[in-house]
Amino acid sequence: MQDDFGELRSLLHGAPSHGTWVRLCRLLGSLDDDQLGSVAVPYAASHLRGWPDALRASPRRWLDAHLAGVSRPYWSLVRALDLHRTGLRDEDLEQLIALPALAPVKQIDLGSNWLKERGAAALARAAHLTNVRSLILDQNRLGDAGCAQLARAAALRGLRALRLARNDVSDEGLSALLGSPTCAQIELLDVSSNWLSDGVGDAFSRAPLEHLRALHLGNNGVGDAGVRAITRSLDGLQRLDLHRNRLSALSAQLIGWSGAVSLVELDLRENQLGDQGLKFLADSPRLGALRSLDLSENGVLGDGLNALSDAPHLGALERLLLSHNDITGHVIELGADGGLPNLRELDLSENPLGDD
């Protein structure tokens with residue numbers, strides 16, 4: 001045990017890393033329960049407090065052993081469960097999520113599996129998941145019925161991040177979820193690539209989402225009307241993704257003149273904002289904190305760039321993406337008048353710039 005403890009100390013006094021965690025798990029797996037319970041686990045627990053939760057993911061062999069009825073003391077050290085792209089189905093999740101050993105877990109990744117309403121219901125029934133702060137369910141088949149089940153998850157009321165991209169969710173399902181206690185503390189919500197429309201704006205305007213700081217709504221059908229409702233109700237946003245949502249210049253105006261004074265990142269690529277939309281953003285007095293702006297594939301011809309050059313309130317902008325537009329070289333005057341003093345990244349690829 002002396003040699004093992006020396007190795008344990010060496011690992012835990014190093015910098016947190018995936019490799020260190022893998023070696024630590026291998027060492028813990030070689031010890032008997034008496035060694036684990038009396039020395040190794042308490043010592044490891046005291047030194048892992050400052051580690052990122054994402055690094056403390058259960059090895060699959062630990063999970064398989066626990067499902068087979070073999071419970072080991074080292075499970076109390078686990079803070080993350082990564083089951084991304086493992087072919088998980090509803091019946092598998094029901095068996096897994098019922099394990100009391102998951103109580104300390106803070107992050108669960110169930111993305112890219114085959115989960116449906118029944119799987120969401122299993123999550124909703126798991127009363128021991130009160131510590132979960134991040135839940136990833138991207139690329140499953142939950143649909144509106146699955147959202148309704150998650151809305152009933154009493155144990156998930158401490159969630160801070162919820163990812164539901166590519167789940168066949170419509171306005172109805174998202175509305176039920178947003179209005180539930182499950183989303184009461186939510187800070188990051190990703191519902192991109194679903195079946196959302198203009199009506200989703202009403203869902204956001206009715207929901208108590210004062211903690212929401214990052215919203216991903218890309219690749220839906222939100223439209224200008226949806227953006228109008230969203231910008232009226234989500235003043236505290238710092239990151240907003242509305243790419244590929246058939247938005248016009250009106251949406252740029254609505255965003256630029258909303259109360260979204262905290263926006264740091266704004267993704268509007270693959271819409272139809274045009275030069276007018278760019279001018280609306282450039283003239284906004286409320287985007288002073290904006291550091292990243294993506295306007296790729298927006299039908300920008302170039303006149304709007306002159307407005308950016310003189311933009312009095314975009315001084316914090318560091319990253320500007322304008323690829324796949326129709327910008328020609330003779331209109332480029334970015335920074336000529338010092339309008340973007342902090343610009344560090346400029347993407348003008350796939351534009352007809354010409355040699356000039």
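Buried residues are those under 20% relative accessible area. In this predicted model, buried residues make up 51% of the 356 residues in the chain. Helix α11 (249–256) is one element to which the term applies.

**Helix α11**

Six of the eight residues of α11 are buried, and the helix is mostly covered. The buried positions are Ala249, Ser251, Ala252, Leu254, Ile255 and Gly256. Their cover includes two helices, α10 (223–233) and α12 (274–283), together with the strands β7 and β8.

**Overall build**

The chain has 13 helices and eleven strands. Along the principal axes, its C-alpha atoms fill a box of roughly 75 × 45 × 30 Å. Of the contacts in the chain with a separation of 6 or more, 83% are between residues 24 or more positions apart.

**Salt bridges**

Side chains of opposite charge can pair when their charged atoms come close. Twelve salt bridges are found in the whole structure. Three of the pairs are set out below.

| Pair | Closest N and O atoms | Residues apart in sequence |
|---|---|---|
| Glu94 and Arg125 | 3.7 Å | 31 residues |
| Arg246 and Asp198 | 3.8 Å | 48 residues |
| Glu265 and Arg239 | 3.3 Å | 26 residues |

Glu94 and Arg125 form a salt bridge with 3.7 Å between the closest N and O atoms. The pair links distant parts of the chain, with Glu94 in helix α5 (residues 90–97) and Arg125 in helix α6 (residues 117–125). Glu94 has a relative accessible area of 22% and is partly exposed, whereas Arg125, at 55%, is exposed.

In the salt bridge between Arg246 and Asp198, the closest N and O atoms are 3.8 Å apart. Arg246 sits in the loop between β7 (239–241) and α11 (249–256), and Asp198 in the loop between β5 (188–190) and α9 (200–206), so the pair ties together parts that are 48 residues apart in sequence. Arg246 counts as partly exposed at 48% relative accessibility. Asp198 is also partly exposed, with a relative accessible area of 29%.

Glu265 and Arg239 form a salt bridge with closest N and O atoms 3.3 Å apart. Here strand β8 (residues 265–267), which holds Glu265, is linked to strand β7, which holds Arg239. Glu265 is partly exposed at 35% relative accessibility, and Arg239 is partly exposed with a relative accessible area of 31%. The strands β7 and β8 are also among the elements that cover the buried residues of α11.

Apart from these pairs, a network of salt bridges links Arg244, Asp267, Arg269 and Glu270.

**Asp138**

Asp138 lies in the loop between β3 (134–136) and α7 (143–150). Asp138 is buried yet has no salt bridge. The nearest side chain of opposite charge is that of Arg163, at 5.2 Å. A salt bridge needs a side-chain nitrogen of Lys or Arg within 4 Å of a carboxyl oxygen of Asp or Glu, so the 5.2 Å separation does not qualify.

The side chain of Asp138 has backbone nitrogens close by. That of Ala165 is reached at 2.8 Å, and that of Leu164 lies 3.3 Å from a polar atom of the Asp138 side chain. Leaving aside residues up to four places away in sequence, Asp138 touches Gly111, Ser112, Arg163, Leu164, Ala165 and Asn167.

**Helices α7 and α8**

The loop that holds Asp138 leads to α7. Two packed helices are described by the angle between their axes and the distance between the axes. For α7 and helix α8 (residues 171–178), the angle is about 5 degrees and the axes are 8 Å apart. The two helices are therefore roughly parallel to each other. Residues that meet here are Asp144, Cys147 and Leu150 in α7 and Glu172, Gly173 and Leu177 in α8.

**Ala311**

Ala311 lies in the loop between α13 (303–309) and β10 (319–321). Its relative accessibility is 5%, and Ala311 counts as buried. Not counting residues up to four places away in sequence, Ala311 touches Ala282 and Gly339. The C-alpha atoms of Ala311 and Leu281 are 8.8 Å apart in space, while the two residues are 30 residues apart in sequence.

Note on methods. Residues are numbered from 1 along each chain as its sequence is written. This is a predicted model: local features need pLDDT of at least 70, side-chain atom pairs count only at pLDDT 80 or more; totals for chains, interfaces and linings use all residues. Side-chain values use heavy atoms; hydrogens and water are left out. Helices (H or I, at least four residues) and strands (E, at least two) are DSSP runs, numbered from the N terminus. Buried means under 20% relative accessible area, exposed over 50%, partly exposed in between (1.4 Å probe, protein chains only). Lys and Arg count as positive and Asp and Glu as negative; His and the chain ends are not counted. A polar contact is a pair of N or O atoms within 3.5 Å; within protein, one must be able to donate a hydrogen and the other to accept it, and residues adjacent in sequence count only if both atoms are side-chain atoms. Contact means heavy atoms within 4.5 Å. Axes are lines fitted to C-alpha atoms, for helices over the stretch in contact, and angles run from 0 to 180 degrees between N-to-C directions. Angles under 35 degrees count as roughly parallel, over 145 as roughly antiparallel, 65 to 115 as roughly perpendicular and the rest as oblique.
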